[in-house]
Amino acid sequence: DLLKSNGVPIPKTVIISRDRRKDLDTLGEELGFPLVLKIPDGSFSRGVFKVNDRTELLDMAGKLFKSSDLLLAQEFLYTEFDWRVGILNKTPLFVCQYFMSKEHWQIYNHEPGQKTGNRAGDFKTFRVEDAPEVVVKTALKAANLIGNGLYGVDLKQTAKGVVVIEVNDNPNIDHGIEDAVLKENLYRTIVEDIVWRL
């Protein structure tokens, strides 16, 4: 709601609560199938599911409502990769492309029986100034509405433009991936900011 009311582009999104399950009945008309159903506090593609029709929607919603009071439903937007912009204190630190796992619609494939090498897609890290300006500006606008902490803004670049999928308030920073450009300076910047805040 915060992003939407401030003109930050997002996929069509509907919040469904456990006590208003009847709202599931209109999701197909509102968002179309397939659609994405997820819990609000998922991570690394866990708790995020694609449902192809009403039967799958009702089945998956029933399972997810056992552990969550709220579910998010979003229109399905397939892209070959997602963008992640790391932001600290309203300043972009890193920009990554995360490619989809082999023959899968997500960056991580948690389905049983996956070979280790097929579980995660590839990545590419950019200098902030080399990333598409619209991606960085959109990510900054989204994160700045929330605060001045450390955020990882996930975006998709579609034929209709760039949309924010989510703003993570506890983004992963993995050696050799998010730090591929700034290296030690990435960690130094974060530690200096923590010291400054203290």
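**Close-up views of a predicted model**

In this predicted model, the mean pLDDT of the protein is 88, and 88% of its residues reach 70 or more. Confidence is lowest in helix α4 (residues 116–119), where the mean is 54, and highest in α5, where it is 98. Where pLDDT is low, the predicted coordinates should not be read in detail.

**View A. The open sheet of five strands and its edges.**
The strands follow the order β7-β6-β5-β8-β9, and their pairing is antiparallel. Because β7 (123–126) and β9 (161–168) stand at the edges and each has a single partner strand, one side of each is left without a neighbour in the sheet. From one strand to the next, the twist averages 25 degrees.

**View B. The hairpin of β5 and β6.**
Strands β5 and β6 pair in the antiparallel sense over eight bridges, and among the residues involved, Asp82 has Tyr98 in β6 as its bridge partner. Two residues lie between the strands of this hairpin, in which Asn89 takes a positive phi near 55 degrees.

**View C. The pairing of β6 with the edge strand β7.**
Strand β6 (residues 91–99) pairs with β7 in the antiparallel sense over four bridges. Tyr98, the bridge partner of Asp82, has Phe123 as its bridge partner in β7, while Gln97 stands opposite Lys124 of that strand.

**View D. Helix α5 across four strands of the sheet.**
Helix α5, which spans residues 133–146, lies across β5 (81–88), β6, β8 (150–158) and β9, and it runs at about 135 degrees to β8. This helix is also the part of the protein where confidence is highest, at a mean of 98.

**View E. The buried residues and the start of helix α3.**
Within helix α3 (residues 54–64), the residues Leu57, Met60, Ala61 and Leu64 are buried. These residues cover an arc of only 105 degrees around the axis, which puts them on the same side of α3. At the start of α3, a side-chain oxygen of Asp53 reaches to within 3.2 Å of the backbone nitrogen of Thr55.

Notes
Residues numbered from 1 in each chain as written. Predicted model: local features only at pLDDT ≥ 70, side-chain atom pairs only at ≥ 80, totals over all residues. Heavy atoms only, no water. Pairing = 2+ DSSP bridges. Axes fitted to C-alpha atoms, helices over the stretch in contact; angles between N-to-C directions. Contact = heavy atoms within 4.5 Å. Buried < 20%, exposed > 50% of the residue type's maximum accessible area, 1.4 Å probe, protein only. Arc of directions from axis to C-beta. Polar contact = N/O pair within 3.5 Å; in protein donor to acceptor, adjacent residues only side chain to side chain. pLDDT = per-residue confidence, 0-100.
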